[in-house]
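I opened a fresh page for a chain I had not looked at before. I wanted to get its outline down, then go through its charged pairs and its surface.

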Amino acid sequence: MILPRTEKGELRMSEAEFRTFLSQAAEEGAKRALADAGIDGKDAALDIRDLRSLLDCIRFVRRTAVQTAVHLITTGIMLALLAGIALKLKIFGGSP
C-alpha cells in the first residue's frame, strides 16, 4: 500500500486504512510481547490459564494468611484478658 505524502512529509490515509494499519500493528505487538515473555506457540492458551490459576492461588494464600494473623492476634488478646481476669479473681489460688 503506497500512501501519498504531503509537502511536510506527513502521511495521508483514510480512516478505514488507518484502522486496518492500527489493528495489524496491535496484533504484531501482542504476538511479540507474548514471544518475549515466553508464552507463545501452541501452548500459549494453556500457559495463560495456568498463570491465571497461579495468581488465584496466590490471592487465596494472601487472604488466608491475613485471616490467620487476625485470628491469632484476636485469640492472643482474648487469652491475655482471661489470664488477667483469672489473676484478678485469684482463681488459681493466689496469695492471701
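Below are my notes, in the order I looked things up.

**Entry 1: the outline**

I noted straight away that this is a predicted model. I went for the secondary structure and got two helices and zero strands. Then I checked how much of the chain is covered up: of its 96 residues, 3% count as buried. I also looked up the accessible surface, which comes to about 8800 Å². Carbon and sulfur atoms hold 64% of that area.

**Entry 2: helix α1**

I put a ruler on α1, which runs over residues 15-37. Its 23 residues should span 33 Å at 1.5 Å a residue, and its end C-alpha atoms are 33 Å apart, so the two agree. I then stepped just past the end of α1 and found Gly-38 with a positive phi of about 80°.

**Entry 3: helix α2**

I did the ruler check again on α2, residues 44-88. This helix has 45 residues and reaches 66 Å from its first C-alpha to its last, close to the 66 Å expected. What comes after α2? I found Lys-90 there, and its phi is positive too, near 55°. I underlined that one, as Lys-90 has this positive phi although it is not a glycine.

**Entry 4: salt bridges**

How many salt bridges does the structure hold? I counted three. I reminded myself that side chains of opposite charge can pair when their charged atoms come close.

I started with Glu-15 and Arg-19, whose closest N and O atoms are 3.0 Å apart. They sit four residues apart in α1, which means they are separated by about one helical turn. Both of them are exposed.

Next I took Glu-27 and Lys-31, which meet in a salt bridge at 3.3 Å, N to O. This pair is also in α1, again four residues apart, about one turn of the helix. Buried or exposed, which is Lys-31? Lys-31 is exposed, because its relative accessible area is 53% and the cut-off for exposed is over 50%. Glu-27 comes in at 45%, so I wrote it down as partly exposed.

Then I moved to α2, where Asp-56 and Arg-59 both lie, three residues apart, about one turn of the helix. Their closest N and O atoms are 3.4 Å apart, and they form a salt bridge. Asp-56 is at 49% relative accessibility, so it counts as partly exposed. Arg-59 is at 46%, so it is partly exposed as well.

Why do these spacings of three and four work? I jotted down the rule that an α-helix has 3.6 residues a turn, so residues three or four places apart point the same way.

**Entry 5: a nonpolar patch**

I turned to the surface and asked which residues make the nonpolar patch. I listed Leu-79, Leu-82, Ile-85, Leu-89, Ile-91 and Phe-92. Together they make a patch of about 700 Å². I picked out Ile-91 for a closer look, and it lies in the segment after α2. At 55% relative accessibility, Ile-91 counts as exposed. Lys-90, the residue with the positive phi, lies in the segment after α2 as well.

Key
Residues numbered from 1 in each chain as written. Predicted model: local features only at pLDDT ≥ 70, side-chain atom pairs only at ≥ 80, totals over all residues. Heavy atoms only, no water. Expected span 1.5 Å × (residues − 1). Salt bridge = Lys/Arg side-chain N within 4 Å of Asp/Glu carboxyl O. Buried < 20%, exposed > 50% of the residue type's maximum accessible area, 1.4 Å probe, protein only. Patch = residues over 30% accessible without salt bridge, like charges linked within 9 Å, V, L, I, M, F, W, Y side chains within 5 Å. Areas by Shrake-Rupley, 256 points an atom, 1.4 Å probe, with all protein chains shown as cover.
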